[in-house]
Amino acid sequence: MPTLKPGAEERLMRRALRLAAKAAALGEVPVGALLIQGPLDIARPCVLAQAHNVTEGRFDPTGHAEMQVLQRAAKRLKRWRLSDCTLLVTLEPCAMCAGAAVWARVGRIVYGAADPKAGACGSVLQVAGHPKLNHRPQLQGGVLEEECAEMLRGFFRARRRKQKSKQPG
């Protein structure tokens, strides 16, 4: 699978960061994702779907940004095999999302910040690259890593301050 044109990963990750900021404004964990269809070596790759987390607002534990884009893209393409696609996400996918990407045969996963608590592309688990699975997407982490990580850190700092201010005392 060809790689994105130089600078394209950063440009697309900035778009995912804008989606993550929308999630944060809604009280959702700030994660944004895009699903891009190839060929990926062109100046303007086709964005099939984009989303941010909706877990809190929909009371849906599967409301992760990655799940949203995989479902939307499959519906749009009228097929579930997405081998010609790249998933870009601001945070390393969890086991659920990495598993869904594997089952959808996504060709490549590009993420920003590693997730040392729940990452399933190598940080905690290796779902996306597990040698016993019949599909293993190409993995690339660290795209705009600091910006992605800081958005999450800032969100959780603000959440802790808010919770602390509500405590009697």
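In this predicted model, strands E1 (residues 32-37) and E3 (residues 85-91) run antiparallel and are joined by five bridges. One of the residue pairs across this junction puts Ile 36 opposite Thr 86 of E3. Helix H5 (residues 145-166) packs on the sheet here, where it touches E3 and E4, and its direction makes about 60° with that of E4.

Stepping back to the whole sheet, five strands come together in the order E2-E1-E3-E4-E5, giving an open sheet with mixed pairing. The edges belong to E2 (46-52) and E5 (138-140); each has a single partner strand, so one side of each is left without a neighbour in the sheet. On average, and with direction ignored, neighbouring strands are turned by 15° against each other.

On the other side of E3 in the strand order comes E4. E3 and E4 run parallel, and five bridges join the two. Val 89 has Tyr 111, in E4, as its bridge partner. The connection between these strands goes through helix H4 (residues 95-103): E3, H4 and E4 make up a β-α-β unit, and a right-handed one. E4 itself is mostly covered, with six of its six residues buried. From E4 the sheet carries on to E5, again with a parallel pairing, this time through three bridges. Here Arg 108 finds its bridge partner in Gln 138 of E5.

As for the helices, H1 (residues 8-25) lies across E1, E2, E3, E4 (108-113) and E5, and runs at about 140° to E1. H1 also packs against H5, at an angle of about 5° and with the two axes 11 Å apart. With angles under 35 degrees counting as roughly parallel, H1 and H5 are therefore roughly parallel to each other. The residues that meet at this packing are Met 13, Arg 14, Leu 17, Ala 20, Ala 21 and Ala 24 from H1, and Glu 147, Cys 148, Met 151 and Phe 155 from H5.

What about the cysteines? The disulfide count comes to zero. Cys 85, for one, is in no disulfide: the nearest cysteine sulfur belongs to Cys 46 and is 8.4 Å away, against a cut-off of 2.5 Å. Cys 85 is also buried, at a relative accessible area of 0%. Much the same story goes for Cys 121, whose sulfur is 9.3 Å from the closest cysteine sulfur, that of Cys 94, and so too far for a bond. Cys 121 counts as buried as well, with a relative accessibility of 7%.

Finally, a look at a loop residue. Arg 81 is found in the loop that links helix H3 (65-77) to E3. Its relative accessibility is 48%, so Arg 81 counts as partly exposed. Apart from neighbours within four places in sequence, Arg 81 is in contact with Ala 104 and Arg 105. Between Arg 81 and Leu 70 the separation is 11 residues in sequence and 9.9 Å in space, taken from C-alpha to C-alpha.

Technical notes: Residues are numbered from 1 along each chain as its sequence is written. This is a predicted model: local features need pLDDT of at least 70, side-chain atom pairs count only at pLDDT 80 or more; totals for chains, interfaces and linings use all residues. Side-chain values use heavy atoms; hydrogens and water are left out. Buried means under 20% relative accessible area, exposed over 50%, partly exposed in between (1.4 Å probe, protein chains only). Two strands pair if DSSP finds at least two bridges between them. Helices (H or I, at least four residues) and strands (E, at least two) are DSSP runs, numbered from the N terminus. Axes are lines fitted to C-alpha atoms, for helices over the stretch in contact, and angles run from 0 to 180 degrees between N-to-C directions. Contact means heavy atoms within 4.5 Å. A crossover is right-handed if, with the strands pointing away from the viewer, the path from the first strand over the helix to the second runs clockwise. Angles under 35 degrees count as roughly parallel, over 145 as roughly antiparallel, 65 to 115 as roughly perpendicular and the rest as oblique.
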